[in-house]
Amino acid sequence: MSETPVLLERLDLAKYPFLPETQEYIRTLGLAVEDLCSSAGTAVLRRARERIEAAIERRLDTRLDDDVDIEILSFPAAVLLLRLAGDKLLARRFAVAEGKRVSRFLAQEPQEKLVYVVTRGFGWKIRKFNGHVGNLSYDFLVSFGDFVSNVPEYRGLWKLVNRPLMRGWVPVNAYELARMAEEATKRYVEGKCLEPPPEGVPPSIESIINEIRSEWSKRMERLGIPKVSKVKRPEDAYPPCIRAILEDALAGKNIPHSARFALASFLLQIGKSVDEVIDVFRAAPDFREDIARYQVEHIAGLRGSRTKYTPFKCDNMRSLGLCKWRCKGVKHPLQFYRLALRRGKVEYEEIT
Amino acid sequence: MSTRKSPDLSEWVKAAFRAYYSRASSLVEEPTEMPRREFAFMFFDRPGMHRHIVFKDATELRRFVARSIPRHAYYSSAYYQYPDAERMDEKVWLGADLVFDIDVDHIDTPCKALHDSWQCPKCGASGRGFVEACPRCGYENVKRKTWVCETCISVARDEVIKLVEMLTSDFGLSSNEVHVVFSGHRGFHVHVESEVVKELGQDARREIADYVRGIGLEPEAFTVPGPYRTLRLVAKPEDPGWYGRVARSVLDWILSLDERSAALIARGRRVRTLVRLAERLRERAQSADWLE
């Protein structure tokens with residue numbers, strides 16, 4: 001549905017860095033890495049750094065610099081800084097912030113422009129649809145592949161099973177489409193920031209990167225696993241899914257393979273030793289120490305591919321039938337553990 | 001194939017395979033986009049799985065099979081830039097088909113009592129049919145003897161028909177993008193070869209599997225709060241996808257209500273009201289075409 005002509009302004013290029021038009025425009029401006037040390041380059045770098053700092057401080061930066069070209073160029077400049085910094089977590093943090101910025105802009109656009117930006121920028125297939133199913137009304141149809149690849153979470157109305165699905169098309173409203181664009185932007189930006197860094201970077205840029213790094217590590221210190229935990233026993237900080245499996249294991253019930261993997265990988269990740277983990281499985285009806293040791297060592301990354309495995313994330317626990325709970329703000333069992341240590345408890349409810 | 005078998009026997013089996021391949025290999029439909037897929041084989045005279053093999057077309061594959069007489073042949077549902085690379089990260093994943101595995105041994109069919117039996121190694125109990133765990137001592141790793149009969153296969157086939165129906169009506173896939181094959185023993189594989197699914201990531205694939213299995217359904221999606229802590233169903237029987245399925249099954253349940261089943265969910269005068277509602281709906285349903 002791109003028959004209606006949509007006029008892009010230069011300001012749109014500053015809002016939506018993933019558009020082919022934006023990239024074409026940046027190419028015509030022809031800014032090279034060396035130019036970043038010029039006076040115009042300094043302004044671009046300053047704005048780029050602002051955007052990264054806003055991300056570090058979890059501040060939504062929807063400012064648009066008066067000089068539109070500086071605003072446009074500050075995106076590739078920020079990406080360059082992050083490629084050079086080479087920190088995956090920081091790249092993710094920046095990507096999240098840029099995603100929010102884009103969805104904020106998109107929510108204010110007329111529908112024609114919203115559709116243009118997501119079809120042109122992400123290649124989504126979209127149809128106009130003014131109708132309702134159940135008691136909800138919708139504005140568009142997106143193809144199911146685009147839907148399941150760009151939803152922010154797999155529960156509630158974002159879960160495909162709770163949506164009408166008509167011959168491959170999923171109805172969404174304008175707000176939801178902008179929210180999906182946030183996810184797509186996040187992936188796009190993260191991918192850009194993870195590209196290998198270019199060579200021949202001027203030393204003045206090096207110093208900026210070092211400053212960003214030190215700000216980021218200060219922030220990270222506050223987020224790590226706290227030395228003083230707020231729970232009495234570490235088990236109190238386990239998420240309900242892991243606690244349920246642990247109880248079954250200790251009670252000698254025969255638990256499925258997927259549950260054993262989740263439990264073993266969880267315990268190893270929070271610092272239990274291989275022997276401590278094997279002890280947990282001792283009551284299993286089919287327990288054999290040699291087999292248990294082999295498998296636990298494998299999960300610990302001491303054998304085979306040398307990968308230390310992490311437990312399944314919440315979405316996968318749910319699909320495997322191991323999760324019957326809804327934990328507030330939690331997407332991964334290990335995240336529950338860290339939050340619980342820091343705050344003393346995490347709110348959750350059982351889904352019936 | 002055990003090494004203790006007499007050489008004559010294994011030669012005889014191999015000859016039978018050779019005869020079969022020369023007769024039937026032209027009948028087997030080759031997978032699409034062959035040069036992008038990895039093939040793997042197991043042979044009679046060599047141990048282990050031989051992987052990372054690529055064929056440029058069906059002729060090359062048939063010639064290989066006729067010459068080397070494999071006892072098992074596999075191909076990847078994934079497409080790779082370099083399917084013959086030895087390490088997974090060197091293959092460069094380009095996409096994959098969506099494949100469903102429908103296996104009858106997870107479905108409790110009535111015929112299992114006729115041809116399956118179990119024995120508990122812990123307490124010695126035994127019996128016929130399908131059990132999850134030993135009914136006497138609760139031990140879960142019981143020894144099973146199973147057989148797949150025509151009834152079993154037709155149960156699996158019914159599930160396949162439901163799945164294909166869902167893939168075409170809900171997901172809008174065309175019948176030439178959905179291929180059903182007999183898995184060789186206990187059920188069927190349903191392959192979806194379509195550009196729509198090819199590049200989907202793991203999460204997206206799990207979402208589709210969850211949709212097919214009805215995992216993650218939440219009542220809030222199909223209802224609004226009504227008076228007295230009740231939920232009012234807003235999904236209608238003719239709605240698409242699970243909206244329609246949920247509404248139809250609720251309706252089926254209401255239509256089936258009688259005095260006894262209504263008494264399980266209501267008390268006093270409300271039982272009578274429910275039964276009368278069911279009767280009225282049954283009368284009206286005579287003319288509705290979405291009911292079976």
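These notebook entries record what I looked up in the structure, which is a predicted model.

**Entry 1: chain A overall**

I began with the secondary structure of chain A and found 15 helices and 5 strands. I then took the extent of the C-alpha trace of chain A along its principal axes, which is about 70 × 55 × 35 Å. Chain A has 352 residues, and 49% of them count as buried. I also looked up the sequence separation of contacts in chain A: among those between residues at least 6 apart, 67% join residues at least 24 apart.

For the surface, I noted that chain A exposes about 17,500 Å². Carbon and sulfur atoms supply 51% of that area. Chain A carries 58 positive and 48 negative charges, and the mean positions of the two sets are 5 Å apart.

**Entry 2: nonpolar cores**

I next asked which residues have the most contacts inside the largest nonpolar core. They are Leu106(A), Phe147(A), Leu177(A), Leu167(B) and Phe171(B), in a core of 68 residues. I noted that this list names residues of chain A and of chain B. A second, separate core has 40 residues, including Leu263(A), Leu322(A), Val330(A) and Leu339(A).

I followed Leu167(B) further, leaving aside its neighbours within four places in sequence. Leu167(B) is in contact with Phe100(B), Gly172(B), Leu173(B), Val178(B), Val190(B) and Val192(B).

**Entry 3: helix α2 of chain B**

I examined helix α2 of chain B, residues 58-68, for burial. Ala58(B), Leu61(B), Phe64(B), Val65(B) and Ser68(B) are buried there. Seen down the axis of α2(B), the buried residues fall within an arc of 125°, so they line one face of the helix. I then checked the face of α2(B) turned away from the buried side, and it carries the exposed residues Arg63(B) and Arg67(B).

**Entry 4: helix α13 of chain A**

I repeated the search for helix α13 of chain A, residues 289-299, where Ala292(A), Val296(A), Glu297(A) and Ile299(A) are buried. These residues cover an arc of only 155° around the axis, which puts them on the same side of α13(A). What covers the buried residues of α13(A)? The cover includes α11 (257-269) and α12 (274-280) of chain A. After α13(A) I found Gly301(A), whose phi is positive, near 85°.

**Entry 5: Trp216(A)**

I located Trp216(A) in helix α9 of chain A, residues 203-221. Is Trp216(A) buried or exposed? Its relative accessibility is 4%; since buried means under 20%, Trp216(A) counts as buried.

I listed the contacts of Trp216(A), leaving aside its neighbours within four places in sequence, and found Ile56(A), Asp87(A), Leu89(A), Leu90(A) and Arg93(A). For one of these, Asp87(A), I also looked up the C-alpha separation from Trp216(A): it is 9.6 Å, with the two residues 129 apart along the chain.

**Entry 6: positive phi outside glycine, chain B**

I looked up Glu33(B), a residue other than glycine with a positive phi, near 45°. Glu33(B) lies in the loop between α1 (7-24) and β1 (39-42) of chain B. Its relative accessible area is 36%, and Glu33(B) is partly exposed.

I also looked up Val92(B), which is not a glycine yet has a positive phi of about 60°. Val92(B) lies in the loop between α3 (88-91) and β5 (93-96) of chain B. Val92(B) is partly exposed, with a relative accessible area of 36%.

Methods. Residues are numbered from 1 along each chain as its sequence is written. Chains are lettered from A and ligands numbered from 1 in the order in which they are written. This is a predicted model: local features need pLDDT of at least 70, side-chain atom pairs count only at pLDDT 80 or more; totals for chains, interfaces and linings use all residues. Side-chain values use heavy atoms; hydrogens and water are left out. Helices (H or I, at least four residues) and strands (E, at least two) are DSSP runs, numbered from the N terminus. Buried means under 20% relative accessible area, exposed over 50%, partly exposed in between (1.4 Å probe, protein chains only). Contact means heavy atoms within 4.5 Å. Accessible areas come from the Shrake-Rupley method with a 1.4 Å probe; for residues, only the protein chains shown count as cover. Lys and Arg count as positive and Asp and Glu as negative; His and the chain ends are not counted. The place of a charge is taken as NZ of Lys, CZ of Arg, CG of Asp or CD of Glu. A nonpolar core is a set of buried Ala, Val, Leu, Ile, Met, Phe, Trp, Tyr and Cys residues joined through side-chain atoms within 4.5 Å. The arc is that of the directions from the helix axis to the C-beta atoms.
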